[in-house]
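Please work through the following exercises with the sequence and the structure side by side, and try each task before you read its solution.

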Amino acid sequence: MKPFALVACLALLVACNPQEGDTFSLYRNSILDPNMRLHVATFDSADGANYNSENCSVAAQLFGAQPGVKTRFWCEKGRFEK
């Protein structure tokens with residue numbers, strides 16, 4: 001299974017969690033603007049902060065490890081904010 005497909009499957013399996021403190025969001029920058037912060041995914045499973053943090057980190061590593069990827073991926077605690 002390709003990394004992107006794996007991450008997409010993980011994202012579909014994540015259940016919503018109303019506890020904001022357990023949520024992590026995945027971001028990336030842009031090739032044209034390294035300072036840009038673009039939202040990729042939000043991890044808010046009811047399984048808690050450690051689970052969401054780990055899944056976000058795995059997704060960031062998988063996206064970044066794809067051949068030809070020149071953007072940087074990182075996780076931040078909390079929901080997507082501009």
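**Exercise 1: Strand partners**

In this predicted model, Ser25 has Thr42 of E2 as its bridge partner. Determine how strand E1 is joined to strand E2 and to strand E3, and in which sense each pair runs.

*Solution.* Begin with the pair to which Ser25 and Thr42 belong: E1, which covers residues 24-28, pairs with E2, residues 38-43, in the antiparallel sense, and 5 bridges connect them. Next, turn to E3, which is also antiparallel to E1 and is joined to it by 5 bridges. As a check on this second pair, find Phe24, which stands opposite Lys77 in E3.

**Exercise 2: The order of elements and the setting of E1**

How many helices and strands does the chain contain, in what order do they run, and why is strand E1 described as largely enclosed?

*Solution.* Count the elements, which gives 2 helices and 3 strands, and then read them from the N terminus on, which gives the order α-β-β-α-β. For the last part, recall that a residue is called buried when its relative accessible area is under 20%. In E1, 4 of the 5 residues are buried, so this strand is largely enclosed by the rest of the structure. For the chain as a whole, buried residues make up 32% of the 82 residues.

**Exercise 3: The disulfide**

Find which cysteines form a disulfide, and explain what parts of the chain the pair ties together.

*Solution.* A search of the whole structure finds 1 disulfide. It is formed by Cys56 and Cys75, whose sulfur atoms lie 2.2 Å apart, and this fits the cut-off, which asks for sulfur atoms within 2.5 Å. The angle about the S-S bond is -110 degrees, and the link of Cys56 and Cys75 is left-handed. Now place each cysteine in its element: Cys56 belongs to helix H2 (residues 49-65), while Cys75 belongs to strand E3 (residues 73-77), so the disulfide ties together parts that are 19 residues apart in sequence. Finally, look at the exposure of each residue: Cys56 is buried, with a relative accessible area of 0%, whereas Cys75 is partly exposed, at 26%.

**Exercise 4: Contacts and surface**

What share of the contacts in the chain with a separation of 6 or more comes from residues 24 or more positions apart, and what share of the accessible surface belongs to carbon and sulfur atoms?

*Solution.* Among the contacts with a separation of 6 or more, residues 24 or more positions apart account for 65%. The accessible surface of the chain comes to about 5400 Å², and carbon and sulfur atoms hold 57% of it.

Conventions: Residues numbered from 1 in each chain as written. Predicted model: local features only at pLDDT ≥ 70, side-chain atom pairs only at ≥ 80, totals over all residues. Heavy atoms only, no water. Buried < 20%, exposed > 50% of the residue type's maximum accessible area, 1.4 Å probe, protein only. Contact = heavy atoms within 4.5 Å. Areas by Shrake-Rupley, 256 points an atom, 1.4 Å probe, with all protein chains shown as cover. Pairing = 2+ DSSP bridges.
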